[in-house]
Amino acid sequence: MLTAEDKKLVQQVWGKVCGAEEEIGADALWRMFHSYPATKTYFPHFDTTKCSDQIHGHGKKVMAALTNAVKNIDNLRQALSELSNLHAYNLRVDPPCFSLQFLSLCLQVTLATRLGKDYTPETHSALDKFMSAVATTLAEKYR
Amino acid sequence: MVHWTAEEKQLITSVWGKVDVAECGAEALARLLIVYPWTQRFFDNFGNLSSATAIVGNPKVRAHGKKVLTSFGDAIKNLDNLKGTYSKLSELHCEKLHVDPENFRLLGDILIIVLAAHFGKDFTPTCQATWQKLVGVVAHALARNYH
C-alpha cells in the first residue's frame, strides 16, 4: 500500500524528470526489449532493431499515462480505467508475469542511471510499489 | 550449459572490475530488505531492521551483503560452470536456509538497479541485458538443487 511518504517520493521523482519523459520512456522500453525479448511479441509492428521513432512515440505515450497516474495517485483506478480496459480486452498483455513487471524494472533502471545516488533505497521502494499498484490496477479487468 | 559470447563476458568483467564488492553488496542486500520487506524473514537475528536508515546502517546487513556479492564474484570467475560452482550453496539455501528461489530473482533485480545508479549512462541497455542474463542464470543455478 502506498503511504503518504511513498506518494511524495514518487511525485518528487516525477518532478525531477519533467521535460525528459519521452527520452525516459523510450530508454525504458528499449531496455525492456533488450533484456526481455519476449516483450517484443506485443509489438510485431514496431521496428525494434534500434531505438526507433515508434519506440520513442510509444515511450512518450507510456510516460504520459504514468504521469497522469502520478497526478491522480490517490485514485489510480479511475485514472487508469480506460487503459485497464485496453490492456484487458484489446492488448491482452499477459497478466500473471505481467510484462509490466519488466517495464517497471527497466523504468527504474532508466531512472537510476539518471538520478544516481538520488535514487535512494526509499525512493526505489516507493517507485517499485507505485509501479506494482499501476500493474495491479491495469490487470483488474482481466477476468 | 549457458553460452556466453565474448562481448557478454567482456561486459560482465569490465563492470565487475569497477564494482566495490563490499559497498555494492551491502547496498543490494539493504535494498532487498527495504523494497521487499518480507525478505527480512530470513534475517531475524540481524538486530535492528525497523527502518530504511536502520537497515542501511546495520553492520550485519553490510557484512552479509558483502558475503553474498563476493559469492557472485565466484560465478563471474566460473561462468562456464555455474552449476558446479553453486551446487553446495543451492543445497544450503534449500535444506538449511529454506529460501524461496523467487527471492534470488528479486535480489538479482535489485543488483541491476544498484549497478544502474552507480554507473549511470555507462550501464547501457546492452550492459543491462547481459547482467540481466547473468543474474538470471545465477538464480537458476542456486535453485537447481532444490527438492
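**Two chains in a predicted model**

Colleague: In this predicted model, how many residues does each chain bring to the contact between chain B and chain A?
Modeller: The structure is a predicted model, and residues of the two chains count as being in contact when heavy atoms lie within 4.5 Å. By that criterion, chain A gives 22 residues to the contact, and the number from chain B is 22.

Colleague: Which three residues supply the most of the area that chain B buries against chain A?
Modeller: Between them, chain B and chain A bury about 1800 Å², and 60% of this lies on carbon and sulfur atoms. On the side of chain B, 29% of the area buried against chain A is supplied by three residues, more than by any other three, and these are Arg31(B), Ile113(B) and Pro125(B).

Colleague: How many salt bridges are there between chain B and chain A?
Modeller: To count, a side-chain nitrogen of Lys or Arg would have to be within 4 Å of a carboxyl oxygen of Asp or Glu. Between chain B and chain A, the count of such pairs is zero.

Colleague: Which helix gives the largest share of the largest nonpolar core?
Modeller: The largest nonpolar core has 93 residues, and those with the most contacts inside it are Phe130(A), Phe72(B), Trp131(B) and Leu134(B). The largest share of this core is 11 residues, and they come from residues 102-119 of chain B, which form helix α7.

Colleague: Leaving aside neighbours within four places in sequence, which residues is Leu134(B) in contact with?
Modeller: Leu134(B) is among the residues with the most contacts inside the largest nonpolar core. Once its neighbours within four places in sequence are left aside, the residues in contact with Leu134(B) are Trp4(B), Ile12(B), Phe72(B), Ile76(B) and Leu79(B).

Colleague: Is Leu83(A) buried, partly exposed or exposed?
Modeller: Leu83(A) lies in helix α5 of chain A, which covers residues 81-91, and, apart from neighbours within four places in sequence, it is in contact with Ala65(A) and Leu138(A). Buried would require a relative accessible area under 20%, and exposed one over 50%. Because the relative accessibility of Leu83(A) is 26%, this residue counts as partly exposed.

Colleague: How many disulfides does a search of the whole structure find?
Modeller: A disulfide requires a pair of cysteine sulfur atoms within 2.5 Å. For Cys51(A), the nearest cysteine sulfur is that of Cys106(A), 12 Å away, so Cys51(A) is in no disulfide. Over all chains, the number of disulfides found is zero.

Note on methods. Residues numbered from 1 in each chain as written. Chains lettered and ligands numbered in written order. Predicted model: local features only at pLDDT ≥ 70, side-chain atom pairs only at ≥ 80, totals over all residues. Heavy atoms only, no water. Core = buried A, V, L, I, M, F, W, Y, C linked by side-chain atoms within 4.5 Å. Buried < 20%, exposed > 50% of the residue type's maximum accessible area, 1.4 Å probe, protein only. Helix = DSSP H or I, 4+ residues; strand = E, 2+ residues; numbered from the N terminus. Buried area = accessible area lost by both parts, 1.4 Å probe.
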